[in-house]
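Biologist: I would like to walk through this protein one question at a time. Could you reason each answer out for me?

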Amino acid sequence: MTSTATPPGLARFNALEEPAALAALHETCASTTWARRLLAGRPYATAGDLYAASDAALSGLSAADLWEATAGHPPIGRPRPGDPASAREQRGMTAATDRLKAEMLELNLAYQERFGHVFLVCATGLTGEQLRDALTERMGNTPERERETVRTELGKINRIRLARLVDED
C-alpha cells in the first residue's frame, strides 16, 4: 500500500503564505513569471507534481523571462558571497588552479558580451575543467540555440533547488 500523504517539506511549502512562498520560489529561480505560475498551481500533492509544474512553466518562458532568470545567477567561478547554494553548486571551481579561474573569468566576459547574460549551466557535480569546456563549446551556439540550452540548464538547476526546498525537514 502506498501513502497518499503529502511529504512534510512539500506540505510546508503548500501552507506558506503567498509572499513567503513567492520569496522561496524566487530563491529557486529569479524569473517572476516562473514563480507566479508555480505559486498559482499550489497545493501540490507530490514533489513530482511540483517538478512537472516547474517544467511546464519553464517551457513557456519568453526570452525576457529567461534573461530575468539568468540575472539571478552569479558567474561561474564567482559564487555569490554568503550564498551557500551558490557555493555548493559551484563547488567544482574551488579546486581550480588560478590559471583556470582566470581563464573562466575571460570566458565568462566573452560569453556575456556575445549573449548578453551570464553563462548558465547546471554546475552541480562538474569540475572546473568541465565547466570551462561547456562554456567554450557553447560559445559557438547561435543565440536561439543558446537560449534553449539555457532553458534546459535552468530546468536542471530549478529541480535541484526545488528538491532542496521541499525535502527540508
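**Helices, pockets and confidence**

Biologist: Which helices are included in what covers the buried residues of α5?

Modeller: This is a predicted model, in which local features need pLDDT of at least 70 and side-chain atom pairs count only at pLDDT 80 or more, while totals for chains, interfaces and linings use all residues. Residues are numbered from 1 along each chain as its sequence is written, and side-chain values use heavy atoms, with hydrogens and water left out. Taking contact as heavy atoms within 4.5 Å, and helices as DSSP runs (H or I, at least four residues) numbered from the N terminus, what covers the buried residues of α5 includes α3 (32–40), α4 (47–59) and α9 (143–167).

Biologist: Where on α5 do its buried residues lie?

Modeller: In α5, residues 63–70, the buried ones (under 20% relative accessible area, 1.4 Å probe, protein chains only) are Asp-65, Leu-66, Ala-69 and Thr-70. Seen down the helix axis, they fall within an arc of 140° (taken from the directions from the axis to the C-beta atoms), so they line one face of the helix.

Biologist: Which elements do the buried residues of α1 pack against?

Modeller: In α1, residues 8–15, Gly-9, Leu-10, Phe-13 and Asn-14 are buried. Their directions also fit within an arc of 140°, so they line one face of α1. These buried residues pack against α2, α4 and α9.

Biologist: Which element gives the largest share of the lining of the largest pocket?

Modeller: A pocket is an open set of points on a 1 Å grid over the protein atoms alone, where a 1.4 Å probe fits, with protein on both sides within 12 Å along at least five of seven lines, and its lining residues have an atom within 4 Å of a point. The largest pocket holds about 360 Å³ of space, and of its 18 lining residues, those closest to its centre are Glu-27, Thr-28, Asp-83, Ala-85 and Arg-161. Two or more lining residues come from each of α2 (18–28), α6 (84–89) and α9, and the largest share, four residues, comes from α2.

Biologist: Which element gives the largest share of the lining of the second largest pocket?

Modeller: The second largest pocket has a volume of about 150 Å³, and its lining residues include Leu-66, Trp-67, Phe-115 and Arg-147. Two or more of the lining residues come from each of α5, α7 (98–115) and α9. The largest share, four residues, comes from α5.

Biologist: Where is confidence lowest?

Modeller: The protein averages a pLDDT (the predictor's confidence in each residue, from 0 to 100) of 92, and 96% of the residues score at least 70. Where pLDDT is low, the predicted coordinates should not be read in detail. Confidence is highest in α3, at a mean of 98, and lowest, at 79, in α6.

Note on methods
Buried < 20%, exposed > 50% of the residue type's maximum accessible area, 1.4 Å probe, protein only. Points joined across faces, edges and corners; volume = space filled by probe spheres on them.
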